[in-house]
Amino acid sequence: MADLFDEDDSGAADAGPVPSDAPLAERLRPRRLDHVLGQDRVLGENTALRAAIASGQIPSLVLWGPPGCGKTTLAACLAREVGAHLLSYSAVRVGVKELKAAMEESRRLRRAGGRAPILFLDEIHRFNKAQQDALLPAVEAGDVVLIGATTENPSFEVNAALLSRCRLLVLEALSPDHLVTVLERALDSSRGLASTGVIAHEDALKFIAERSGGDARFALGALELACTAALRENATIDTAVAEGVLATTHLVYDKAGEEHFNLISALHKSLRN
């Protein structure tokens, strides 16, 4: 079987080789849209986003979804699809001064006839109003294509002026079946765990998938720990090994955010029943 993670991917969004000691989730990050799982509602054949990709001009986007659903991956894949340069920042580590310099350089390149780069801002909800407003001129002029990623409801966390210039895409947590596929790929991939020789029982992979809360990053981290544990025994991940690294179910919860109200709603429905 061809290794989906080892196919060559040329394009302006290439960020260089991933170190071999990087976390498993980073090493196995999909590089093509066809490898992104669980987001058919926004990436399906007849969706608006697919039409935009076919035209070579994607709009500015806000990606809203839970952790580990593929927001960062999707941004990088979109940049590759349209051949755009990707400028990637985390809102918790970048300041307005640095962003303004990047946007000024983008404006210069575009005025010289180049393609507008894609500016990816992870955790855009961490930016305050003034910081978000600083993005408006470049986005409005088309000097950059903004892709903001957030786990929080953009209606509450992203300025209305900025949100009105972006298309909102709601991403979903991955299903257990999709997570099992991700885990199987990891075990078969030369970038992943293939060299370890570890094998995994199907019920063990299902156990990890069901306890990961739809989070591919968490599931891969658990698999990596399970692999380390298995290598101390018989190089086999069974349910006992999986249970050993996942003593409790992984739940997404933020007492001040969207998941707080989702869980309260679920409790109310349970009590009514």
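The following exchange goes through a predicted model and asks what stands behind the words used for it.

Colleague: What kind of model is this, and how are its residues numbered?

Modeller: This is a predicted model, in which local features need pLDDT of at least 70 and side-chain atom pairs count only at pLDDT 80 or more, while totals for chains, interfaces and linings use all residues. Residues are numbered from 1 along each chain as its sequence is written, and side-chain values use heavy atoms, with hydrogens and water left out.

Colleague: How many helices and strands are there in the chain, and what makes a run count as one of them?

Modeller: The chain has 14 helices and seven strands. Both are DSSP runs numbered from the N terminus, a helix being H or I over at least four residues and a strand being E over at least two.

Colleague: Why is Ser212 called buried, and why is Lys206 called partly exposed?

Modeller: Buried means under 20% relative accessible area, exposed means over 50%, and partly exposed lies in between, with a 1.4 Å probe and protein chains only. Ser212, in the loop between α11 (202-210) and α12 (216-231), has a relative accessible area of 0% and is therefore buried. Lys206 lies in helix α11, and its 40% relative accessibility falls between the two limits, so Lys206 counts as partly exposed.

Colleague: What makes Leu187 buried, and which residues does Leu187 touch?

Modeller: Leu187, found in helix α10 (176-188), has 12% relative accessibility, which is under 20%, so Leu187 counts as buried. With contact taken as heavy atoms within 4.5 Å, and not counting residues up to four places away in sequence, Leu187 touches Leu193, Ala194, Val198, Ala200, Leu205 and Leu223. The C-alpha atoms of Leu187 and Ile199, 12 residues apart in sequence, are 7.4 Å apart in space.

Colleague: Which residues of α11 are buried, and what covers them?

Modeller: The buried residues of α11 are Ala204, Leu205, Phe207, Ile208 and Ala209, and their cover includes α10, β6 (199-200), α12, β7 and α13.

Colleague: What makes a group of residues a nonpolar core, and which members of the largest one touch the most others?

Modeller: A nonpolar core is a set of buried Ala, Val, Leu, Ile, Met, Phe, Trp, Tyr and Cys residues joined through side-chain atoms within 4.5 Å. The largest has 30 residues, of which Leu24, Leu183, Ile208, Leu220, Leu223 and Ile237 touch the most other members. Two or more residues come from each of α10, α11, α12 and α13 (239-245), with α12 giving the most, nine residues. Leu183 touches Leu205, Ile208, Ala209, Ala219, Leu220 and Leu223, again not counting residues up to four places away in sequence. Apart from this core lies another, of 27 residues, including Leu49, Ala75, Leu78 and Leu86.

Colleague: What makes the largest pocket a pocket, and what is its volume?

Modeller: On a 1 Å grid over the protein atoms alone, a cavity is a set of points where a 1.4 Å probe fits but cannot get out, whereas a pocket is an open set with protein on both sides within 12 Å along at least five of seven lines. The largest pocket has a volume of about 860 Å³, where grid points are joined across faces, edges and corners and the volume is the space filled by probe spheres set on the points.

Colleague: How do you know which residues line the largest pocket, and which are closest to its centre?

Modeller: Lining residues have an atom within 4 Å of a point. There are 41 of them, and Arg29, Gly68, Thr72, Thr73 and Arg217 are the closest to the centre. The element that gives the most to this lining is α12, with five residues.

Colleague: What is remarked on in the phi of Glu123 and of Ala235?

Modeller: Most residues other than glycine have a negative phi. Phi of Glu123 is near 55° and phi of Ala235 is near 60°, both positive values in residues other than glycine. Glu123 is found in the loop between β3 (118-122) and α6 (129-133), and its relative accessible area of 25% makes Glu123 partly exposed. Ala235 is in the loop between α12 and β7 (236-237), and is partly exposed with a relative accessible area of 23%.
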